[in-house]
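Let's take a walk through this one together, starting with a charged pair and ending with some unusual backbone angles. Have the viewer open as you read.

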Amino acid sequence: MKKSKKNYFIMILIGLTLLFVIEKMIQSPKTEESITYFPIDTTSPFKAVNTSISLLNKNKSNQFSIQWRVSSNLLKNTYLRQDIGLLYANGRLKGKMGKWKQNTNQLVQEDTINGKGSLYLDAITYHYAEIHYQDDSIMSSQDMSKDEIYIIDSSYGPLRTFRIPSSKEEADWKKVLDQATAQELKNSWGK
C-alpha cells in the first residue's frame, strides 16, 4: 500500500511540474531577432548585377576549367556592400563566394572551378547594400542574379556548351542532365 501511495505522489508531482513548465512557456515566449531587416530604399537601386559562368579551357586529363564571376554596382557608395553566391553542379554545391566591403559601390569576385564530364551548372547570387543616412535611418537595396550553362563532354565530339538547346542532340543532353540534377536533389532532400 505504501508503494502505490508513493507512486501516486510522484505522478502528481510530475504532472504539476509539467503544468508549471508549460504555463511558463505560454506566458513568456522569448524570441530574439537574428536577422535585422532594413526597408528597401527605392531611390537607390543597383545599377548592374551579374552572375556568369563560362568555360575557360580543357586540359590533357579530360578536365576543364570554368570561370565563375559575380559583380554588382550601385549608383553611389554605401555603408556596407555584400554579394553572396552559390554554384551548383548537377544539383550539388560546387562552390560558394561571399565578399563584403564598406564604403563602396562596386564588388567583383571571380573563381576558377575545375570540372570533369558533362555537367549542368547553375549559379545564383544575392546582392545587398546597407545604406546609412544622416538622420540615423538605415535602409537597404537588394537584388539577385543568376546564370546557368550545360557543358557536354562527349567522346563523340569536342567539348561544347549551351544555355538554350539549339539542336535535338543538345535538347537530349539537357533532358539527361536535368533528370540527373532532379534525382540528386530528391536524394539529398530525402536524407
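Which side chain meets that of Asp-147 in a salt bridge? It is Arg-163, with an N to O distance of 2.9 Å. Keep in mind that this is a predicted model. The pair ties together distant parts of the chain: Asp-147 sits in strand S5, while Arg-163 belongs to the loop between strand S6 (160-162) and helix H2 (168-190), 16 residues apart. The two ends have their own surroundings. Asp-147 is buried, at a relative accessible area of 12%, whereas Arg-163 is partly exposed, at 38%.

That bridge belongs to a set of seven salt bridges in the structure. As a general point, side chains of opposite charge can pair when their charged atoms come close. Take Arg-81 and Asp-83, whose closest N and O atoms are 3.0 Å apart; both of these residues are buried. Then hop over to helix H2, where Asp-178 and Lys-174 are four residues apart, so about one helical turn separates them. Their closest N and O atoms lie 2.6 Å from each other, in another salt bridge. Asp-178 is partly exposed at 26% relative accessibility, and Lys-174 is partly exposed too, with 27%.

Now for the greasy side of things. In soluble globular proteins, nonpolar side chains tend to be buried together. Here the largest nonpolar core has 15 residues, and the members touching the most others are Ile-53, Phe-64, Ile-66, Trp-68, Leu-87, Leu-121 and Ile-151. Strands S2 (63-89), S3 (92-116), S4 (119-132) and S5 (138-152) each chip in at least two residues, and S2 gives the most, with six. Try clicking on Ile-66: once you skip its neighbours within four places in sequence, its contacts are Ile-53, Ser-54, Leu-56, Asp-111, Thr-112, Ile-113, Leu-121 and Ile-151. Apart from the largest core lies another one, of five residues, including Tyr-120, Tyr-150, Ile-152 and Leu-177.

Last stop, the backbone. Most residues other than glycine have a negative phi. Where does Asn-103, with its positive phi of about 50 degrees, sit? Asn-103 is in strand S3, and it counts as exposed because its relative accessible area is 56%, over the 50% cut-off. Asp-136 also has a positive phi without being a glycine, near 70 degrees. You'll find Asp-136 in the loop between S4 and S5, exposed as well, with a relative accessible area of 70%.

Technical notes: Residues are numbered from 1 along each chain as its sequence is written. This is a predicted model: local features need pLDDT of at least 70, side-chain atom pairs count only at pLDDT 80 or more; totals for chains, interfaces and linings use all residues. Side-chain values use heavy atoms; hydrogens and water are left out. A nonpolar core is a set of buried Ala, Val, Leu, Ile, Met, Phe, Trp, Tyr and Cys residues joined through side-chain atoms within 4.5 Å. Buried means under 20% relative accessible area, exposed over 50%, partly exposed in between (1.4 Å probe, protein chains only). Contact means heavy atoms within 4.5 Å. A salt bridge is a side-chain nitrogen of Lys or Arg within 4 Å of a carboxyl oxygen of Asp or Glu.
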